Amino acid sequence: MVDGLSIIISCLGLLGLVIYTTNQRTKEIGVRKVLGATVTQIVALLSKELILLIALAFVIVTPIAWWAMYKWMEGFADRTSISWWIFAISGTGMLLAALLTSGVQTIKTALMDPARSLRTE
């Protein structure tokens with residue numbers, strides 16, 4: 001229950017970050033669309049930064065999480081080894097959750113009429 005709530009709160013924070021980023025880059029997206037960029041290219045451009053941030057967070061957190069789990073499990077008589085695939089699955093889950101959270105807003109911004117975003121100059 002608490003884990004699910006923390007995931008929802010983190011996804012809301014991520015959604016806020018994506019909304020802020022897309023609002024800041026609305027004119028850039030409009031110019032790119034006028035110059036011939038496709039929706040796929042714009043979504044890839046906006047998602048690339050998000051994926052890099054998630055990869056950086058994963059690289060920073062993985063050794064800390066492994067060390068904390070190792071130290072915690074030292075106190076148990078029956079302990080198991082920490083497998084690498086647990087971290088791979090968690091990293092994939094982080095990436096999928098972030099892309100699902102940001103996907104709708106990113107696509108909505110990429111589909112927006114470029115004249116509307118450039119008119120407010």
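A salt bridge here is a side-chain nitrogen of Lys or Arg within 4 Å of a carboxyl oxygen of Asp or Glu. The model is predicted.

**Exercise 1. Find the salt-bridge partners of Arg-25, and state what the pair with Glu-49 ties together.**

Step 1. The side chains of Glu-49 and Arg-25 meet at 2.7 Å, N to O. That is within the 4 Å cut-off.
Step 2. Glu-49 lies in helix 3, and Arg-25 in the loop between helix 1 and helix 2, so the pair ties together parts 24 residues apart in sequence.
Step 3. Arg-25 also meets Glu-28, at 2.9 Å.

**Exercise 2. Extend the network from Glu-28, then classify its members by accessibility.**

Step 1. Glu-28 pairs with Arg-32 at 3.0 Å. Both lie in helix 2, 4 residues apart, about one turn of the helix.
Step 2. Arg-25, Glu-28, Arg-32 and Glu-49 are thus linked in a network of salt bridges.
Step 3. Buried means under 20% relative accessible area. Arg-25, at 14%, is buried.
Step 4. Glu-28 is partly exposed at 27%. Glu-49 is partly exposed at 38%, and Arg-32 is partly exposed at 38%.

**Exercise 3. Which residues of helix 2 are buried, and how are they arranged?**

Step 1. In helix 2 (residues 26-34), Thr-26, Ile-29 and Gly-30 are buried.
Step 2. Seen down the helix axis, they fall within an arc of 100°, so they line one face.
Step 3. Their cover includes helix 1, helix 3, helix 4 and helix 5.
Step 4. Ile-29 belongs to the largest nonpolar core, with Ile-42, Val-43, Leu-46 and Ala-110. Helix 3 gives the largest share of this core, 3 residues.

Key:
Residues are numbered from 1 along each chain as its sequence is written. This is a predicted model: local features need pLDDT of at least 70, side-chain atom pairs count only at pLDDT 80 or more; totals for chains, interfaces and linings use all residues. Side-chain values use heavy atoms; hydrogens and water are left out. Buried means under 20% relative accessible area, exposed over 50%, partly exposed in between (1.4 Å probe, protein chains only). Helices (H or I, at least four residues) and strands (E, at least two) are DSSP runs, numbered from the N terminus. The arc is that of the directions from the helix axis to the C-beta atoms. Contact means heavy atoms within 4.5 Å. A nonpolar core is a set of buried Ala, Val, Leu, Ile, Met, Phe, Trp, Tyr and Cys residues joined through side-chain atoms within 4.5 Å.
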